[in-house]
Amino acid sequence: MKLLKKLQATYEKIGEKRGELKKVKNIAISLAQEGESVERIARILGETEKTIKEWMAETH
């Protein structure tokens, strides 16, 4: 039972992280659509420019 609870807790944390990442990606995309530069978006979100560019490429 302890192992099952640990696994469940781990999957919940992974789900939370995925949800947070999805929100940040959506914000990045919205900012880009509003005309913000990749550099500024990266600075605002605390991500690298490379990461922002990868997210943008995923949406096209």
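Let me start with helix α3, where T51, I52, W55 and M56 are buried, and please keep in mind throughout that what we are looking at is a predicted model. If you look down the axis of α3, those buried residues fall within an arc of 140°, so they line one face of the helix. On the other side of α3 we find K50 and A57, and these two are exposed. Taking K50 on its own for a moment, this residue of α3 has a relative accessible area of 59%, and it counts as exposed because the cut-off for that class is over 50%. The C-alpha atom of K50 is 8.9 Å from that of V38, although the two residues are twelve places apart along the chain.

What do the buried residues of α3 pack against? They pack against two helices, namely α1 and α2, the latter running over residues 38–45.

I will take the pairing with α1 in more detail. Helix α1 covers residues 2–33 and helix α3 covers residues 49–58, and the two pack at an angle of about 85°, with 10 Å between their axes. That angle makes α1 roughly perpendicular to α3, because values from 65 to 115 degrees are put in that class. On the α1 side, the contact is made by L21, V24, K25, A28, I29 and A32, while α3 brings in I52, W55, M56 and E58. Sorted by character, the residues of this contact comprise eight nonpolar and two charged ones, with no polar residue among them.

One of the α1 residues in that contact is L21, and its relative accessibility is 39%, so it counts as partly exposed, that is, between the 20% and 50% limits. For a sense of distance along α1, L21 and K6 are 15 residues apart in the chain, and their C-alpha atoms are separated by 23 Å.

Let me move on to the core. In soluble globular proteins, nonpolar side chains tend to be buried together. Here the largest nonpolar core has seven residues in all: A28, I29, I41, A42, I52, W55 and M56. Two or more residues of this core come from each of α1, α2 and α3, and α3 gives the largest share, with three residues.

Which residues does I41, a member of that core, touch once those up to four places away in sequence are left out? The list is A28, L31, A32, E36 and I52.

L31, which also appears in that list, is found in helix α1, and with a relative accessible area of 21% it is partly exposed, since buried would require under 20%. Leaving aside neighbours within four places in sequence, L31 is in contact with E36, I41 and I44. The C-alpha atoms of L31 and I41 are 6.8 Å apart, with the two residues standing ten places from each other along the chain.

To return to where I began, α3 has a face lined by its buried residues, those residues pack against α1 and α2, and K50 and A57 are exposed on the other side.

Technical notes:
Residues are numbered from 1 along each chain as its sequence is written. This is a predicted model: local features need pLDDT of at least 70, side-chain atom pairs count only at pLDDT 80 or more; totals for chains, interfaces and linings use all residues. Side-chain values use heavy atoms; hydrogens and water are left out. Axes are lines fitted to C-alpha atoms, for helices over the stretch in contact, and angles run from 0 to 180 degrees between N-to-C directions. Helices (H or I, at least four residues) and strands (E, at least two) are DSSP runs, numbered from the N terminus. Angles under 35 degrees count as roughly parallel, over 145 as roughly antiparallel, 65 to 115 as roughly perpendicular and the rest as oblique. Contact means heavy atoms within 4.5 Å. Ala, Val, Leu, Ile, Met, Phe, Trp, Tyr, Cys and Pro count as nonpolar, Asp, Glu, Lys and Arg as charged, and the others, Gly among them, as polar. Buried means under 20% relative accessible area, exposed over 50%, partly exposed in between (1.4 Å probe, protein chains only). The arc is that of the directions from the helix axis to the C-beta atoms. A nonpolar core is a set of buried Ala, Val, Leu, Ile, Met, Phe, Trp, Tyr and Cys residues joined through side-chain atoms within 4.5 Å.
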